[in-house]
Amino acid sequence: MALAAPANDEFANRIDLSGPLPVEETGTNVAATQQVGEQPHEFLYEPAEHSVWFSWEAEDTEWVTVSTCGSDFDTLLGVYSGSSLSLLEKVVPGKEGTRFDCGPGGQQVTFRALAGTSYEIRVDGDLSPQPPAATEGSIALEIASTPAPANDDFADAQTVTAESLEGGTFHRVDVPGFNWNATKELGEPAHADDQGGASIWYSWTAPASGEASVVVSGALEAVLGVYTGTSLSELTPVATPTSFSGEVNVHVTAGTAYRIAVDGMFDGGAGMASMGRITFLIYLTVPQPYLQTSIPFASAPSVADQAAPETMIVRRDVRPGRRRATFAFRSSETAGTFLCKLDARKLSSCAPPKAYFGLASGSHVFKVRAVDAAGNADPTPAAARFTFPAAPKPRSRH
C-alpha cells in the first residue's frame, strides 16, 4: 500500500509557521512529490523531487536564519518571496549552505527579513551525495533571529592562534566566522578605503617574523584592514590590500599583536555592506637563515642551486553553486614564483590565492608548480581534483 503524501506536499497547502521567533516545526517529506510548475530555483545541488512547503510572515525587520539542522537526511533548503509558484523569487542567492554547528543533513539560509513580508520555504532531499544517501525522512525546521557576531566590536576581537607546521617554517590560522547583523563602530576607519558597514575583528600575535597572507574565503565580498594599536583611535595600518578584495599580504614581526578587520564591501544598489559566512585564514611563511659552516664566507666556493622546490596546496574552496574554485598554495622555498594550470588551459604565472570563476559542469584538475629564485621548477606539481554537478533540468510530473 502506497504511503500518502504529506499534507504540505503542494505549494497551495504549505504549513503556516507565522508567529514570534524562534519558530520550531517538525515534519516529513516521505512520499512527497514535485508538483507541476515547481522549479529547482537555483538549489546548490540536485533536488530529489520530494519537496514540502512552509510559509512564514516576518513580524519585524531583522536578520533571520532558517535551518534544517537536526533533520535525519540530506536536505536542500530554499527560501522565496512570492504568492505563487510562477512568481517565486529566491532570497539572497548564494547565502545558503551548511551551518558550522549544523548536523550532517542540515542546511541554513540567512537573510534580512522585512516586516509584513511572507516567505515561502521549500525543503527537499539532496540527490548529490556519493554514494547515494536517503532523500526522504524527518525534517526539523527552525526560524530564529540571527545574533550579531561575538567579535562585532574592536574590544571583542576574536583571538586566533596559528598552528605551527613543517618544523616552524610555516604557520596557519583557519577559523570560521560570519558578519551577518554586524555593525561598524563610531570612529572605525574605512578599511581598504571602502565604506563597508558590517565589520568583525580578529586579534593575532605573530609567532615569528616573516611574510603573512591574510585571506578571507567564502561568499562574502570582503575588504580587509590590518593594524597595530590597542584602540580604534590609535590604529596604525600596516598593509594595503591587493586588488583581490579578500587578501592582504604583509610582513609581520614576531611578538607583535595585529588587529585585523573583515568588513563587507559596500553595495550602493542595496544600500548596505555585503554579509555572509566566511573562513578567516592567515598563512605565515618564515624565512630560514643560511647555514653557517667552518669555511669563511669569502673563501667558500660558489655552488649553484640545483635543488627544486616542493609545492603544496594548503587550502581549497570549491563553490559548485557559484561555479567558483579558489586555491591557496605555497612553496618550500621563500623566494620564487608559481605556475598554474586548470584543465587544458594554458600554463601561466600566478600567485596565491588563485581563483577561477564561471566554471563548467564536470570534472576539473587544478595544478600548481613552484619555481625557485634560481629557476628550478618542481618536477611534480601539486594537484587538486574537483567536480561540479550538472545543473538540474526543470522537470514536472503530469
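Gly 27 stands opposite Ile 139 of strand E9 in this predicted model. That pair belongs to a longer match. Strand E2, residues 23-28, and strand E9, residues 138-145, pair in the antiparallel sense over 6 bridges. E9 also pairs with strand E4, residues 62-67. Here 4 bridges join the two strands, and they again run antiparallel. Within this pairing, Ser 67 stands opposite Glu 142 of E9. In general, strands of a sheet pair through backbone hydrogen bonds, either parallel or antiparallel.

Move along the chain to an open sheet. Five strands form this sheet, in the order E10-E13-E18-E15-E16. Its pairing is mixed. Which strands stand at the edges? They are E10, at 158-159, and E16, at 236-237. Each has a single partner strand, so one side of each is left without a neighbour in the sheet. Further in, strand E13 (residues 200-205) meets strand E18 (residues 257-264). The two run antiparallel, joined by 6 bridges. Ile 200 stands opposite Val 262 of E18.

Val 262 leads on to the nonpolar cores. It is among the residues with the most contacts inside the largest core, along with Tyr 202, Trp 204 and Phe 280. This core has 33 residues. Several strands give two or more residues to it: E12 (170-178), E13, E14 (210-218), E15 (222-228), E17 (247-252), E18 and E21 (277-285). E21 supplies the largest share, 4 residues. Another core lies apart from this one. It has 22 residues, including Ala 32, Val 109, Phe 111 and Ile 143.

Next comes strand E23, residues 324-331. Is E23 enclosed or open to its surroundings? All 8 of its 8 residues are buried, so the strand is largely enclosed by the rest of the structure. Its side chains go two ways. Arg 324, Thr 326, Ala 328 and Arg 330 point one way. Ala 325, Phe 327, Phe 329 and Ser 331 point the other way. Residues on both sides are buried, and they include the two arginines, Arg 324 and Arg 330.

E23 has pairing partners too. Strand E22, residues 311-319, runs antiparallel to E23, and 8 bridges join them. One bridge partner of this pairing is Arg 324 in E23, matched with Arg 319. Strand E26, residues 354-356, also runs antiparallel to E23, through 3 bridges. There, Thr 326 stands opposite Ala 355 of E26. So Thr 326 is both a buried residue of E23, as are the others in that strand, and part of the match with E26.

The last stop is a covalent link. How many disulfides does a search of the whole structure find? It finds 1. A disulfide is a covalent bond between the sulfur atoms of two cysteines. Here the two are Cys 340 and Cys 350, with sulfur atoms 1.9 Å apart. The link is right-handed, with 70° about the S-S bond. The pair links distant parts of the chain, 10 residues apart. Cys 340 sits in strand E24, residues 336-342, and Cys 350 in strand E25, residues 348-350. Are these cysteines buried or exposed? Buried means under 20% relative accessible area. Cys 340 has 1%, so it is buried. Cys 350 has 14%, so it is buried as well.

Note on methods: Residues are numbered from 1 along each chain as its sequence is written. This is a predicted model: local features need pLDDT of at least 70, side-chain atom pairs count only at pLDDT 80 or more; totals for chains, interfaces and linings use all residues. Side-chain values use heavy atoms; hydrogens and water are left out. Buried means under 20% relative accessible area, exposed over 50%, partly exposed in between (1.4 Å probe, protein chains only). Two strands pair if DSSP finds at least two bridges between them. A nonpolar core is a set of buried Ala, Val, Leu, Ile, Met, Phe, Trp, Tyr and Cys residues joined through side-chain atoms within 4.5 Å. A disulfide is a pair of cysteine sulfur atoms within 2.5 Å.
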